[in-house]
Amino acid sequence: MESMRYRRMGNSDLVVSEIGYGCWPMGGEDFGAIDDAETARAVDRAIDSGVTLFDTAPAYSHGRAEEVLGNLLVGRRGNVIIVTKCGLHWDTDADPRPLRRDSSRASVLDGPGGLHASLRRLRTDYLDLWLVHWPDVSQPFDDVMAVLIEAKATGKVRHVGVSNFRPDQIATVSSLAPLVANQVGYNLFDRRWEQHSFADLRQRGIGVMAYGSLAHGLLSGTWTRETTLLSSDWRSRGMAFRQPLLTPENLRANLDVVDRLKAVASRMGASLPQLALAWVLREPIVSTALVGFRRPEEVDENLGALRVAFTGADLDEIDTIMAGASGQVDELPA
Ligand SMILES: NC(=O)c1ccc[n+]([C@@H]2O[C@H](COP(=O)([O-])OP(=O)(O)OC[C@H]3O[C@@H](n4cnc5c(N)ncnc54)[C@H](OP(=O)(O)O)[C@@H]3O)[C@@H](O)[C@H]2O)c1
């Protein structure tokens, strides 16, 4: 098996595995059914393989993803880097419990999606990295940035950052807090953040945590024209962060694209997820490519991305294939 490699997060001293464990599927509510025993084996396999970074959020299954991860990391806390988020709120006694942005002090500290609830669920007294999940433009950014700085001063949080913040928003918040990361979507079907924000982040020394590295499953290589997703699975609604990549008509065209990518991957001696992950990691500003693992076999396979190297001609060919994708838009998700 390939040895894990590590990168620095932006200009900070936080060093993380190039492949990070994305814990969104782990909660069980949003990606269809999940088998907790399989998750436990996948987490063991990831740690044994050198994965250090685990990315979760209170918003993933209303805290359950954090709870599952916290239980699995008992006795191993010191060996891993836990990243979680704040700024999405829900009413605990409502049914259903829709998420809404709320970066008020009360919500990010003491709400169900706040720091204290995260620490409790994750069974730890500190976070390695705490991110504001989505910008809440209904409140001044000053207030939430002040909370991040205070949390850092108390030692409950070692590093702070944001997620899904546009360049104009980064310009504001980076003058208010020492951000080490912006976590944004990045994959072969979604180059919006690369186009709009990577140069700015590079210049500011802020690292990129890439999410959806496998286009949320489209680049897993396992989907066919017959694949159906459960209605509880967010991907069944056809949209991937405001890109209609997965509507029936676009999905058909995108699966043709996937078939052509698979042929390139196989010529390179790689699988499609390996090619897709290596493509994300070819970009030096990416500190870690997050993958939502579900099974230990996926950990083994995805680590093979670390031995995939592209020539200029490979990258040109991939660009030509991607020109046939359907449903891409230019606007950033907001
Ligand atoms: N900050 C944010 O706003 C934000 C947004 C999205 C995600 N994230 C983070 O980024 C992480 C990764 O994104 P994601 O989970 O949405 O999407 P992803 O990593 O692109 O795709 C996840 C899906 O790919 C499939 N998969 C993974 N490896 C595979 C392999 N080797 N072979 C076959 N299938 C494989 C899994 O199974 P199935 O296809 O069977 O389900 C999984 O559901 C999340 O878990 C979360 O931590 C953050």
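1. A residue counts here as exposed if 12 or fewer other C-beta atoms lie within 10 Å of its own, and as buried if 20 or more do. With that cut-off in hand, the face of helix α8 turned away from its buried side can be read as carrying the exposed residues E249, R252, D259, A263, S266 and R267. The reader should keep in mind throughout that this is a predicted model.

2. On the overall fold, the protein has 11 helices and 12 strands. Its radius of gyration is 19 Å, close to the 20 Å that the globule rule gives for 334 residues, so the protein is as compact as a globular protein of that length. Taken along the principal axes, the box filled by the C-alpha atoms is roughly 50 × 45 × 40 Å. Of the 334 residues, 46% are buried, and among the contacts with a separation of 6 or more, 77% are between residues 24 or more positions apart.

3. Helix α8, to return to the element named at the start, runs over residues 248-267, and its 20 residues reach 29 Å from the first C-alpha to the last, close to the 28 Å expected at 1.5 Å a residue. The buried residues in this helix are L251, N254, V257, V258, L261 and A265. They lie on the same side of α8, because the arc they cover around the axis is only 120 degrees. The cover over these buried residues includes α9 (272-281) and α11 (312-322). After the helix comes G269, whose phi is positive, near 75 degrees.

4. Helix α5 (residues 141-153) invites a similar reading. Its 13 residues should span 18 Å at 1.5 Å a residue, and the end C-alpha atoms are 19 Å apart, which agrees. Here the buried residues are F141, V144, M145, V147, L148 and A151. Because they cover an arc of only 150 degrees around the axis, they sit on the same side of α5, while D142 and A153 are exposed on the other side. Among the elements that cover the buried residues of α5 are α3, α4 (115-122), β8 (127-132), β9 (157-163) and α6 (167-173). Just after α5, G155 takes a positive phi of about 85 degrees.

5. What does V108 touch, leaving aside residues up to four places away in sequence? The list is C86, G87, S103, G114, L115, V144 and V147. V108 itself is placed in helix α3 (residues 105-110), whereas V144 and V147 are among the buried residues of α5. The C-alpha atoms of V108 and V147 are separated by 8.0 Å, although the two residues are 39 apart along the chain. V108 counts as buried because it has 29 C-beta neighbours inside 10 Å.

6. Two residues that are not glycines deserve a careful look at their backbone. R123 has a positive phi of about 55 degrees and is placed in the loop between α4 and β8; H216 has a positive phi of about 60 degrees and lies in the loop between β11 (207-211) and α8. Are these residues buried, exposed or partly exposed? R123 is partly exposed, because 15 other C-beta atoms lie within 10 Å, whereas H216 is buried, with 25 other C-beta atoms within 10 Å.

7. A further point of backbone geometry concerns the peptide bond from D95 to P96, which is cis, with omega near 0 degrees. P96 is found in the loop between β6 (88-89) and β7 (100-101), and a reader going through the model may wish to find this bond there.

8. Finally, the ligand has 28 residues around it, and of these G22, Y211, G217, S220 and G292 come nearest. By class, the shell consists of 11 nonpolar, 13 polar and four charged residues. At least two residues of the shell come from each of β12 (286-292) and α10 (296-303).

Notes:
Residues numbered from 1 in each chain as written. Predicted model: local features only at pLDDT ≥ 70, side-chain atom pairs only at ≥ 80, totals over all residues. Near = placed C-beta within 6 Å. Helix = DSSP H or I, 4+ residues; strand = E, 2+ residues; numbered from the N terminus. Nonpolar A, V, L, I, M, F, W, Y, C, P; charged D, E, K, R; others polar. Contact = placed C-beta atoms within 7 Å. Expected span 1.5 Å × (residues − 1). Arc of directions from axis to C-beta. Rg over C-alpha atoms; globule rule 2.2 N^0.38 Å.
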